Amino acid sequence: MAAPRLFRPAARLLSSRLSSTPLRPAFQKTACAPSILRSRGYATETGGTKEVTVRDALNEALAEELESNPKTYILGEEVAQYNGAYKVTRGLLDRFGPKRVIDTPITEAGFCGLAVGSALAGLHPICEFMTFNFAMQAIDQIINSAAKTHYMSGGIQPCNITFRGPNGFAAGVAAQHSQDYSAWYGSIPGLKVVSPWSSEDAKGLLKAAIRDPNPVCVLENELMYGQAFPMSEAAQKDDFVLPIGKAKIERPGKDVTIVSVSRCVGQSLNAAAELKQKYGVDAEVVNLRSIKPLDVETVIQSLKKTGRLMVVESGFPMFGVSSEILALAMEYGFDYLTAPALRVTGAEVPTPYAVGLENMSFPQEDTIVGQAAKLLRL
């Protein structure tokens, strides 16, 4: 393993010079309005499967929702004439016009506040951030205005708004453009948070977010946009929607549960294949899909089957998504654990610019394999 000091399991963080013991509150339900999802579809192993990139899946979801709901519109920096910084909104301006696809100035607090206000007035805006790192300029609008208004109005005033854009580290963009906000937004009552991995995840979760009456953060990953995945015939239809709050078992197994999210799901699947090849270990890989609400039931049921739990994410180790899942495992699945649960996370350091140090700052496949082998005492 390249940098053992930077990737220590939770049980050894006490001795690390970079970390201290994390404290996480118990799981609490969000103060959200009930989800209202129109007809749902689920991926099936049928004919007609085709390869679709995550970028095109997101574009397809946006086009379908703009077509079906006249209250929906998109705004953000370069979303219209430039077709989006990452080409996710490609062709939407030509198809739906400048009143539905709106370029904004570089002022996140301004256009996010405008979007929240229009949502409170009854529209269903999709607010794109070029990166969620820039959304820090608008975090008051997201948390205090969007997330809390439904509760503070006594359930009278919903806020149907979708915040979307790339989240987490990319490549060579250094500390200020590499942060993972899953735990930030996941800790806020009133917000729902999803983070897709595959093309089906991207389309189904984005459509669910747009249709949900609550504010939803869709945390994508820049490095996944160009990656192609097989999309089932069911997922290609315009009524395909995935439920928010439901995880997916991407790879069944019986020896260890690996829970992951976003880009780390693919790394975990590759690590699981290597564990099978090297050690004969059958690892079960769970794709969270949804950060808030969290599918605790699927995680605990998998833990009940395997007896061992490892969580993989690219966020910081302190007070992160993995910390919450480990705490929930202690609360609801302690009797099923046959070994201490552990986590593999990003390093407790601002993301370096140098490529070698950057690679050491985030989980790699060999990191996951090595930690799983230790957990299994191989």
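Two strands are taken to pair if DSSP finds at least two bridges between them. On that basis, this predicted model contains an open sheet of five strands, ordered β9-β11-β10-β13-β14, in which the pairing is mixed. The edges are held by β9 (248-251) and β14 (342-344), each of which pairs on one side only. On average, and with direction ignored, neighbouring strands here are turned by 25 degrees against each other. At the β9 end, three bridges join β9 to β11 (residues 283-287), and these two strands run antiparallel. One pairing to look for on screen is R251, whose bridge partner in β11 is V285.

Helices come next. Helix α10 lies across β10 (256-260), β13 (309-312) and β14, and runs at about 160 degrees to β13. Helix α12 (residues 365-375) also packs on this sheet, where it touches β10, β13 and β14, and its direction makes about 165 degrees with that of β13.

Both of these helices have a helical partner as well. For α10 (residues 321-333), the partner is α9 (residues 296-306): the two axes come within 10 Å and cross at roughly 65 degrees. The pair therefore counts as roughly perpendicular, and α9 passes α10 in a right-handed crossing. On the α9 side the contact is made by V296, V299, I300 and L303, while α10 brings in I325, L328, A329, Y332 and G333. Sorted by class, the residues of this α9 contact with α10 come out as eight nonpolar, one polar and no charged.

For α12, the partner is α8 (residues 263-279), and here the axes come within 9 Å and cross at roughly 50 degrees. That makes α8 and α12 oblique to each other, again with a crossing that is right-handed. From α8, the contact draws on Q267, S268, N270, A271, E274, L275 and Y279; from α12, on E365, I368, V369, A372 and A373. The class make-up of the α8 contact with α12 is seven nonpolar, three polar and two charged residues.

The model has another open sheet, this one of seven strands in the order β3-β2-β4-β5-β7-β6-β12, with mixed pairing. Its edges are β3 (101-103) and β12 (290-292); each has a single partner strand, so one side of each is left without a neighbour in the sheet. Neighbouring strands in the seven-stranded sheet are turned by 20 degrees against each other on average, direction ignored. At the β12 edge, two bridges join β12 to β6 (residues 192-194), and the two strands run antiparallel. Within that pairing, V193 has K292 of β12 as its bridge partner. Helix α1 (residues 54-68) lies across β2 (72-76), β4 (124-128), β5 (162-166) and β7 (216-220), at about 130 degrees to β2.

As for how far to trust all this, the mean pLDDT of the protein chain is 89, and 88% of its residues reach 70 or more. Residues 1-31 are another story, with pLDDT below 50, although the model gives this stretch 62 contacts beyond near neighbours in sequence. Residues 33-46 also stay under 50, and for them the model has 38 contacts beyond four places in sequence. Where pLDDT is low, the predicted coordinates should not be read in detail.

Note on methods: Residues numbered from 1 in each chain as written. Predicted model: local features only at pLDDT ≥ 70, side-chain atom pairs only at ≥ 80, totals over all residues. Heavy atoms only, no water. Axes fitted to C-alpha atoms, helices over the stretch in contact; angles between N-to-C directions. Helix = DSSP H or I, 4+ residues; strand = E, 2+ residues; numbered from the N terminus. Parallel < 35°, antiparallel > 145°, perpendicular 65-115°, else oblique. Left-handed = near helix turned anticlockwise from the far one by under 90°. Contact = heavy atoms within 4.5 Å. Nonpolar A, V, L, I, M, F, W, Y, C, P; charged D, E, K, R; others polar. pLDDT = per-residue confidence, 0-100.
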